[in-house]
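This report goes through a set of side-chain pairings, a ligand site and two asparagine positions. The sequence and structure come first.

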Amino acid sequence: MENQKRDNWSSNIGFLMAAIGSAVGLGNIWGFPYKMGANGGFAFLVIYLFLAALIGLGIMVTEIALGRKTGKGVVGTYRELSSKFTWIGYVGLIVPVMILFFYTVLGAYCVEYMCLNLGDLGFNVVDMSGGDLFGSMLTNPFGGVIFTLIVLVLAYLIVRGGIKGGIEKFNKVGMPALAIMLVITVIRSLTLKGASAGLKFMFMPNFEPLKENFVGVVSVAAGQMFFSLSLAMGIMVTYGSYLSKKENIVKNSIIIVLSDTIIAIMAGLAVLPAAFALGGNDAAMAGPKLLFITLQDVFNSMGTIGPLFGTLFYLLVVLATITSIISLTEVAVTFYADNCHKKNKEPDRVKATAVVCIILFIGASIVAIDGLGSNGLWVPFQNSLGVVGSFNDCWLDFIDFIAEGLLMPFGALVTSIMVGWVIGPDKVREEVEINGTHKFSAYGFYKFCIRFFIPVAMIFILIGQIDSFLGLGIFG
Ligand code: PHE
């Protein structure tokens, strides 16, 4: 069964582009800048970098190494390492599917905005405010479902082409294009009059939030880091399983973490100064509001050139989203392919991708129809806690809470215990050093992190995530 040929990245750059493509997404563009500004500015950045170095990097190395070691997707990898942990492989399979249920819908809204701005080029017909536009989009379930379908068809067309011929090819063009568009938007944003208010919001050190609720801030930073680096979702295991034994895992992991962070900061420079320059306040910078209301107002206020920047910007966001969506989709497709290999059958990738995308479409349709709770759809546990703004307001929040709030940190906790104490961190070292050319020089540090620091931190993060999603106020 092992002699069947598995696909591979054609080069290390191809792998890096795909991994960075997975990491860079909505988390960078709407999550990071706002969370940084609202949770201590520069002080938050320091905490984030600290967590990324101590936890994110360690888990990144672990996931890539384990995937490459077994040459299997997430379920196969955990099964092979220790059959007692197969179930955590299934968690790593379910989380990306759940995330996709809402992530594709958010991607669909971005496509809608891109089309609107594109249609507006030279005509300036969009005279609706960002708020009205978003409202009408949310309350149009049919439009939401159709655009979600478009996003999924795009993902299908890319993923069915395979690792080399689909995912790598798309990322190799998409990521450099994204970088160029990002630089253009940063320059535009920073040269607007009044841009400095955004810079101040983002970078000015503010220790108040830290004093008030230190564990809360750390937990926000940690949740952001996991999501942004695409960790604990089987992605890096899956992508790592296609990586050549020649490549340097530790160096690659550092490049991925650094690139993701730099792009998050750049995204902040692209959006916040513009939003503040055109009269936004702190409240207008949060979550979906920033992307779908505040920024559209920014483009509306730029005059005839506005739709051009609008199109460029939303195209950039669509690209970032698609490169993330295909990585999440690949987790399930690889799972299917591995199962075929196990049964000595040649996997039919096209069929597998189609099946995965159809399942995704069904789940995502619920989220699209729900329109962030705008359409009165029944939601599990809705308002049962009576906490306004907690996870149970809409389908997106509900799914996000289960996936990102609970399963992700839990999966990372169990993985660190498994690697640290059951199979042993030496297995990771063996894989990193496999061809004798790459020494794992920080192994002592890694061993300490994976055995002690990460499990303890993960317990706090798990409690912190539950706390912040449910609005319980355990930490302050
Ligand atoms: N990391 C991506 C982001 O920052 C999102 C993502 C999450 C992608 C999970 C894959 C897996 O938006």
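## A lysine and its partner

K72 has a relative accessible area of 17%, and because the limit for a buried residue is under 20%, K72 counts as buried. The values in this report are computed from a predicted model. The partner of K72 is E80, and the two form a salt bridge in which the closest N and O atoms are 2.7 Å apart. E80 has a relative accessibility of 45% and is therefore partly exposed, since that class lies between 20% and 50%. The bridge between K72 and E80 thus has a buried lysine and a partly exposed glutamate.

## Other salt bridges

Side chains of opposite charge can pair when their charged atoms come close. In this model there are eleven salt bridges. One of them joins the side chains of D338 and R6, with an N to O distance of 3.5 Å. This pair links distant parts of the chain, for D338 belongs to helix α15 while R6 sits in the segment before α1, 332 residues apart. Both D338 and R6 are buried.

E433 and K439 also meet through their side chains in a salt bridge, at 3.8 Å from N to O. E433 is partly exposed, with a relative accessibility of 23%. K439 reaches 65%, and because exposed means over 50%, K439 is classed as exposed. Elsewhere, R68, K245 and E431 are joined into one network by salt bridges that share partners.

## The ligand site

Which residues come nearest to the ligand? There are 15 residues around the ligand, and the nearest are A23, G27, Y103, F227 and M233. By class, the shell has seven nonpolar residues, eight polar residues and no charged ones.

Nitrogen atoms of the ligand take part in several polar contacts. A polar backbone atom of F227 is 2.8 Å from a ligand nitrogen. S228 places a backbone N or O atom 3.1 Å from a nitrogen atom of the ligand. With S230 the contact involves the side chain, where a polar atom lies 3.1 Å from a ligand nitrogen. On its own the ligand has 320 Å² of accessible area, and the protein covers 100% of this. The elements that each give two or more residues to the shell are α1 (12–23), α2 (26–38), α11 (214–228) and α15 (306–342).

## Two asparagines

Is N171 buried or exposed? N171 has a relative accessible area of 0%, so this residue is buried. N171 is part of helix α8, which spans residues 163–190. Apart from neighbours within four places in sequence, the residues in contact with N171 are M17, A18, G21, P176, T323 and I326.

N140 lies in the loop between α6 (130–138) and α7 (141–159). The relative accessible area of N140 is 35%, so this residue is partly exposed. From N140 to G287 the separation is 147 residues in sequence and 20 Å in space, taken C-alpha to C-alpha.

## Summary

The ligand is fully covered, with 100% of its own accessible area taken up by the protein, and no charged residue belongs to the shell around the ligand. Among the eleven salt bridges, the pair D338 and R6 has both residues buried, while K439, paired with E433, is exposed. Of the asparagines described, N171 is buried and N140 is partly exposed.

Notes:
Residues are numbered from 1 along each chain as its sequence is written. This is a predicted model: local features need pLDDT of at least 70, side-chain atom pairs count only at pLDDT 80 or more; totals for chains, interfaces and linings use all residues. Side-chain values use heavy atoms; hydrogens and water are left out. A residue is near a molecule or strand if one of its heavy atoms lies within 4 Å of it. A polar contact is a pair of N or O atoms within 3.5 Å; within protein, one must be able to donate a hydrogen and the other to accept it, and residues adjacent in sequence count only if both atoms are side-chain atoms. Accessible areas come from the Shrake-Rupley method with a 1.4 Å probe; for residues, only the protein chains shown count as cover. Helices (H or I, at least four residues) and strands (E, at least two) are DSSP runs, numbered from the N terminus. Ala, Val, Leu, Ile, Met, Phe, Trp, Tyr, Cys and Pro count as nonpolar, Asp, Glu, Lys and Arg as charged, and the others, Gly among them, as polar. A salt bridge is a side-chain nitrogen of Lys or Arg within 4 Å of a carboxyl oxygen of Asp or Glu. Buried means under 20% relative accessible area, exposed over 50%, partly exposed in between (1.4 Å probe, protein chains only). Contact means heavy atoms within 4.5 Å.
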